[in-house]
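Please read the following note with the sequence and the model open side by side. The points begin with one pair of facing residues and widen from there.

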Amino acid sequence: MLIAMVATVPVVVATETPTDQVPDESPNRIREVKKYGISAAVAIVPFFGGSQSGPETLISDTNYQDTFETGHGLRLEGFYEWTPTRRAILGFIHNQWDGRFFRGGAFPNGAQFDDFSLTGVYIGLKLRFRQDSRLRPFFLGNFGIVRLSSLDVTVNGSEIPYWDSTYREYLDLGAGIEYDLTDNVVFFLDARLELFGKPDSANPPISDATGASAFPITFGIDYKFQNH
């Protein structure tokens, strides 16, 4: 009697990891590159010293931090990540500073400054590090165009035009940290140096000013859309 023996050979099917995914090699590793997303952030925006919101006189300088309170800001962004660590940004910004009563410079008897704001759009780049961790440091930079608001001052009960509304260049550079709450939701905190060009004087020489520098502290949230 002949006994036929049949050998079974296991079949191995090779699968490929999708090109838009990162292998899950650790619990904290970013499991998937979410390419598109939106971001919203709020900020406190104090001015740096040295920027002049009015002329220098024998009485005193007229600095932005003398004529305006610490401001607040809002940012809205859309972004595209072409790698897990590189992000292109298109953003909208609005900052506002409440005016102060200032005595000095061209106003020895004092003047009440109106509120001041900037509103604009920008493009930028964000570079992130420690891809394998949920907590990551980053650097960023943005460049754009902003509209500076017009402004009056009140002296002895009379309003005097001070600055005309104008468009100026805008730049910010910063660094911070971000934390992945989930695969789609990220919290971030950063500090920036913010620069913008000088307002147009509506009443020279008493309202001649320089561009300004500020130091926003920003807290925000990213939402990354699922890839399809």
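1. Ala191 has Ile217 of strand S14 as its bridge partner, and this is a useful place to start in what is, it should be said at once, a predicted model. The pairing to which the two strands belong, S11 (residues 185–196) with S14, is antiparallel and extends over 7 bridges.

2. Strand S14 also pairs with strand S1 (residues 36–45), again in the antiparallel sense, and here 8 bridges join the two. Within S14, the residue that stands opposite Gly37 is Lys224, a residue that returns below as a member of a salt-bridge network.

3. Which residues of strand S14 (residues 217–224) lie on its covered face, and which on its uncovered one? The covered face is made up of Thr218, Gly220, Asp222 and Lys224, whereas Ile217, Phe219, Ile221 and Tyr223 form the uncovered face. A reader who follows Ile217, the bridge partner of Ala191, will therefore find Ile217 on the uncovered side of the strand.4. For the chain as a whole, the secondary structure comes to 1 helix and 14 strands. Among contacts with a separation of 6 or more, 67% are between residues 24 or more positions apart. Of the 228 residues, 42% count as buried, and the accessible surface is about 12400 Å², with 61% of that area belonging to carbon and sulfur atoms.

5. The count of salt bridges comes to 14, and one of them joins Glu69 to Arg100, with the closest N and O atoms 3.2 Å apart. These two residues are 31 positions apart in the chain, Glu69 lying in the loop between helix H1 (64–67) and strand S2 (71–83), and Arg100 in the loop between strand S3 (86–97) and strand S4 (101–104). Are these two partners buried or exposed? Neither word applies, because the relative accessible area of Glu69 is 34%, which makes Glu69 partly exposed, and that of Arg100 is 29%, which puts Arg100 in the partly exposed class as well.

6. Glu178 takes part in a salt bridge with Arg128, at 2.7 Å from N to O. This pair links strand S10 (residues 166–180), where Glu178 lies, to strand S6 (residues 116–128), where Arg128 lies, across 50 residues of sequence. Both Glu178 and Arg128 are buried.

7. Glu178 also meets the side chain of Arg136 in a salt bridge, here at 2.9 Å from N to O. Arg136 belongs to strand S7 and Glu178 to strand S10, and the two are 42 residues apart. Like Glu178, Arg136 is buried. Through shared partners, salt bridges join Glu81, Arg87, Lys126, Arg128, Arg136, Glu178, Asp180, Asp222 and Lys224 into one network; of these, Asp222 and Lys224 were listed above on the covered face of S14.

8. A last point concerns Ser149, which is placed in the loop between strand S7 (135–148) and strand S8 (151–155). Is this loop residue buried or exposed? Ser149 counts as buried because its relative accessible area is 10%, while the cut-off for that class is under 20%. Leaving aside residues up to four places away in sequence, Ser149 touches Asp115, Phe116, Ser117, Asp164 and Ser165.

How values were computed:
Residues numbered from 1 in each chain as written. Predicted model: local features only at pLDDT ≥ 70, side-chain atom pairs only at ≥ 80, totals over all residues. Heavy atoms only, no water. Helix = DSSP H or I, 4+ residues; strand = E, 2+ residues; numbered from the N terminus. Buried < 20%, exposed > 50% of the residue type's maximum accessible area, 1.4 Å probe, protein only. Contact = heavy atoms within 4.5 Å. Salt bridge = Lys/Arg side-chain N within 4 Å of Asp/Glu carboxyl O. Areas by Shrake-Rupley, 256 points an atom, 1.4 Å probe, with all protein chains shown as cover. Pairing = 2+ DSSP bridges.
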